[in-house]
Amino acid sequence: MPTNWQVKITELFKAETGETYTETTFRMLGIPEWYGNKILIDESKYPSPNSLMGVMWCKPLLEDRIRIVALVIDSEVQCNNHGSNAVTEVINSSKLRGLNHIQLEVRKSNLRAQNFYSRHGLKIEHTMKNYYSNEDGYMMSGTLHRD
Ligand SMILES: CC(C)(COP(=O)(O)OP(=O)(O)OC[C@H]1O[C@@H](n2cnc3c(N)ncnc32)[C@H](O)[C@@H]1OP(=O)(O)O)[C@@H](O)C(=O)NCCC(=O)NCCS
């Protein structure tokens with residue numbers, strides 16, 4: 001990824017989640033190149049890195065799971081269903097590939113994200129003590145039902 005795009009992603013995560021993503025963080029996340037990653041681009045600003053309005057990164061987990069590692073939408077364009085569209089697309093693509101579960105971690109204090117994921121069929125499974133540097137986390141998961 002070009003450095004100026006990486007800087008923009010770091011700014012987006014810092015602004016919307018408070019998390020600091022360094023180059024090491026990006027590398028350690030080990031996100032594969034696959035259908036589970038999406039970026040939201042404002043075409044009117046492309047190819048500037050400022051055109052980047054959202055990111056979703058996922059990873060495969062065990063035999064039949066997908067894990068959402070990061071999801072962020074710029075506050076300027078939140079509440080426009082972009083987050084929902086990204087989650088719905090990844091759920092549908094995962095079902096088609098025969099995956100059975102989706103899971104993620106979320107801060108205990110991030111009620112908005114918990115509600116958002118609940119609307120997409122995920123439930124809080126358990127508390128992860130001190131998962132974040134200053135806070136507990138919840139593991140949320142859902143079953144990917146075949147239609
Ligand atoms: C959580 C997040 C990804 C949701 O993305 P989004 O694009 O805003 O999601 P959607 O527009 O699909 O739905 C979000 C909200 O918009 C509302 N909404 C969607 N379309 C709407 C419409 N046409 N009119 C009114 N409200 C609408 C939904 O009810 C929902 O309500 P909420 O305020 O309780 O969340 C986004 O808020 C975000 O980036 N938050 C900060 C980072 C974060 O917490 N990430 C998750 C960490 S695990």
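This report walks through a predicted model, from its sheet and helices to the ligand shell and a few unusual backbone spots.

## The sheet

Start with the strands: there are six, and they make an open sheet with mixed pairing. Reading across, the order is 1-2-3-4-6-5. Strand 1 and strand 5 sit at the edges, each with a partner on one side only. From one strand to the next, the twist averages 20°.

Zooming in on one pair, strand 2 and strand 3 run antiparallel and are joined by eight bridges. If you want a register point to check, G54 is opposite I73 of strand 3.

## Helices on the sheet

Helix 1 lies across strand 2 and strand 3, and its direction is at about 90° to strand 2. Helix 4 packs on the sheet too, where it touches strand 4, strand 5 and strand 6 (135-143). Its angle to strand 4 comes out at about 165°.

## Around the ligand

The ligand has 19 residues around it, and the closest are Q78, C79, G83, S84 and A113. Elements giving two or more residues to this shell are helix 1 (3-17), strand 3, helix 3, strand 4 (101-107) and helix 4 (111-119). Helix 4 provides the largest share, with four residues.

In terms of chemistry, the shell splits into nine polar, eight nonpolar and two charged residues.

## Backbone oddities

Most peptide bonds are trans, and most residues other than glycine have a negative phi. Here are three spots to look at with that in mind.

The bond between Y46 and P47 is cis, with omega at about 10°. P47 belongs to the loop that links strand 1 (38-41) to strand 2 (52-61).

C79, one of the closest residues to the ligand, has a positive phi of about 65° despite not being a glycine. You'll find C79 in the loop between strand 3 (65-73) and helix 3 (82-96). Is C79 buried or exposed? C79 counts as exposed because it has 9 C-beta neighbours inside 10 Å, and the cut-off for exposed is 12 or fewer.

N130 is another non-glycine residue with a positive phi, this one near 50°. N130 sits within a strand, namely strand 5 (residues 123-132), which is one of the edge strands of the sheet. With 10 other C-beta atoms within 10 Å, N130 is exposed as well.

Definitions and conventions
Residues numbered from 1 in each chain as written. Predicted model: local features only at pLDDT ≥ 70, side-chain atom pairs only at ≥ 80, totals over all residues. Buried ≥ 20, exposed ≤ 12 C-beta atoms within 10 Å, placed from the backbone. Near = placed C-beta within 6 Å. Nonpolar A, V, L, I, M, F, W, Y, C, P; charged D, E, K, R; others polar. Pairing = 2+ DSSP bridges. Axes fitted to C-alpha atoms, helices over the stretch in contact; angles between N-to-C directions. Contact = placed C-beta atoms within 7 Å.
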